[in-house]
Amino acid sequence: MTAPTGRLAGKVAVITGAASGIGLATARRFAREGAVVVCADVDAEAGEKAAAEVGGSFVALDVTDEQQVQAAFQQTVDQYGRLDIAFNNAGISPPDDDSILDTGLDAWRRVQEVNLTSVYLCCKYAIGHMRAGGGGSIINTASFVAVMGSATSQISYTASKGGVLAMSRELGVQFARDGVRVNALCPGPVNTPLLQELFAKDPERAARRLVHIPMGRFAEADEIASAVTFLASDDASFITASTFLVDGGISGAYVTPL
């Protein structure tokens, strides 16, 4: 575990999808670094537990509901007086999102709503508060699949993450002089419950992906949380509109080590 440095002391952060995986790991890391953490999640039981663990607060949030998103950010500012960090991380990767030949329109739309439209809504309502407060850092969870193609496609997931990447770049440019930094975090495959569930059902799918990672393993959620913490902190004060790849070398690889 990385020793805390207090680099987020005094900052107020909202994390969506905070009840598990990367979101939970980041909530823990933010709290260790001194931030007040608002854990937002659709799972009330797990979200409450996460908030209690990190000494923060919980807000029940369906990230596809505009009124709920607006209220969550307003509630944060009303309660804590400011908003410094928004980690827009909630997302899904359901089994019915597969090849374009097999994925139905309902599955396509559901993934787009949760993975892309939610980021649009969270950015929309976070940016106003950050501008009013003199700036802030937004980190949007995209994916390495936003910059690479895969023959084992999850077509709506891939398209949604490409949208997150492009939107983050645009917002990072548009609001740079307001002191609002916006970056797209692009993780490689991460050892989370979501990934474990997917690959437990299809070990061949896991093996096919693992061979392409130069480091020879999937990332741990704590490793991604470290990258988020950096982007959230003043150490990243000159980084905005970036494609921040944390992928174990996948995107730079042609042939991987034996």
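This report describes salt bridges, one helix pair and some surface features in a predicted model.

**Salt bridges**

Across the whole structure, a search finds 7 salt bridges, and three of them are set out below, each with the distance from nitrogen to oxygen.

| Acidic residue | Basic residue | N to O distance |
|---|---|---|
| Aspartate 234 | Lysine 11 | 3.6 Å |
| Glutamate 33 | Arginine 29 | 3.1 Å |
| Aspartate 84 | Arginine 82 | 2.7 Å |

The side chains of aspartate 234 and lysine 11 meet at 3.6 Å, N to O. Because aspartate 234 lies in the loop between helix 8 (221–232) and strand 7 (243–246), while lysine 11 belongs to the segment before strand 1 (12–16), this salt bridge ties together parts of the chain that are 223 residues apart in sequence. The two partners are covered to unlike degrees, for aspartate 234 has 53% relative accessibility and therefore counts as exposed, whereas lysine 11, with 16%, counts as buried.

In the salt bridge between arginine 29 and glutamate 33, both residues are buried. The pair formed by aspartate 84 and arginine 82 joins a residue that counts as buried, since aspartate 84 has a relative accessibility of 8%, to one that counts as partly exposed, since the value for arginine 82 is 41%.

**Helix 1 and a contact across the sequence**

Arginine 32 is found in helix 1, which covers residues 21–32, and its relative accessibility of 32% is the reason that arginine 32 counts as partly exposed. Although arginine 32 and alanine 3 are 29 residues apart along the chain, their C-alpha atoms are separated by 8.5 Å in the model.

**Helices 3 and 4**

Helix 3 (residues 66–80) and helix 4 (residues 105–133) have axes that come within 9 Å of each other and cross at roughly 30 degrees. Because angles under 35 degrees count as roughly parallel, helix 3 is described as roughly parallel to helix 4. The crossing in which helix 3 passes helix 4 is right-handed.

**A nonpolar surface patch**

On the surface, Val147, Met148 and Leu245 form a nonpolar patch, and together these residues have about 210 Å² of accessible area. Valine 147, one of the members of this patch, is placed in the loop between strand 5 (136–141) and helix 5 (155–174). With a relative accessibility of 40%, valine 147 counts as partly exposed, because that class holds the values between the limit for buried, under 20%, and the limit for exposed, over 50%.

Key
Residues are numbered from 1 along each chain as its sequence is written. This is a predicted model: local features need pLDDT of at least 70, side-chain atom pairs count only at pLDDT 80 or more; totals for chains, interfaces and linings use all residues. Side-chain values use heavy atoms; hydrogens and water are left out. Patches are made of residues with over 30% relative accessible area and no salt bridge: like charges are joined within 9 Å, nonpolar side chains (Val, Leu, Ile, Met, Phe, Trp, Tyr) within 5 Å. Accessible areas come from the Shrake-Rupley method with a 1.4 Å probe; for residues, only the protein chains shown count as cover. A salt bridge is a side-chain nitrogen of Lys or Arg within 4 Å of a carboxyl oxygen of Asp or Glu. Helices (H or I, at least four residues) and strands (E, at least two) are DSSP runs, numbered from the N terminus. Buried means under 20% relative accessible area, exposed over 50%, partly exposed in between (1.4 Å probe, protein chains only). Axes are lines fitted to C-alpha atoms, for helices over the stretch in contact, and angles run from 0 to 180 degrees between N-to-C directions. Angles under 35 degrees count as roughly parallel, over 145 as roughly antiparallel, 65 to 115 as roughly perpendicular and the rest as oblique. A crossing is left-handed if the near helix is turned anticlockwise from the far one by less than a right angle, and right-handed if clockwise.
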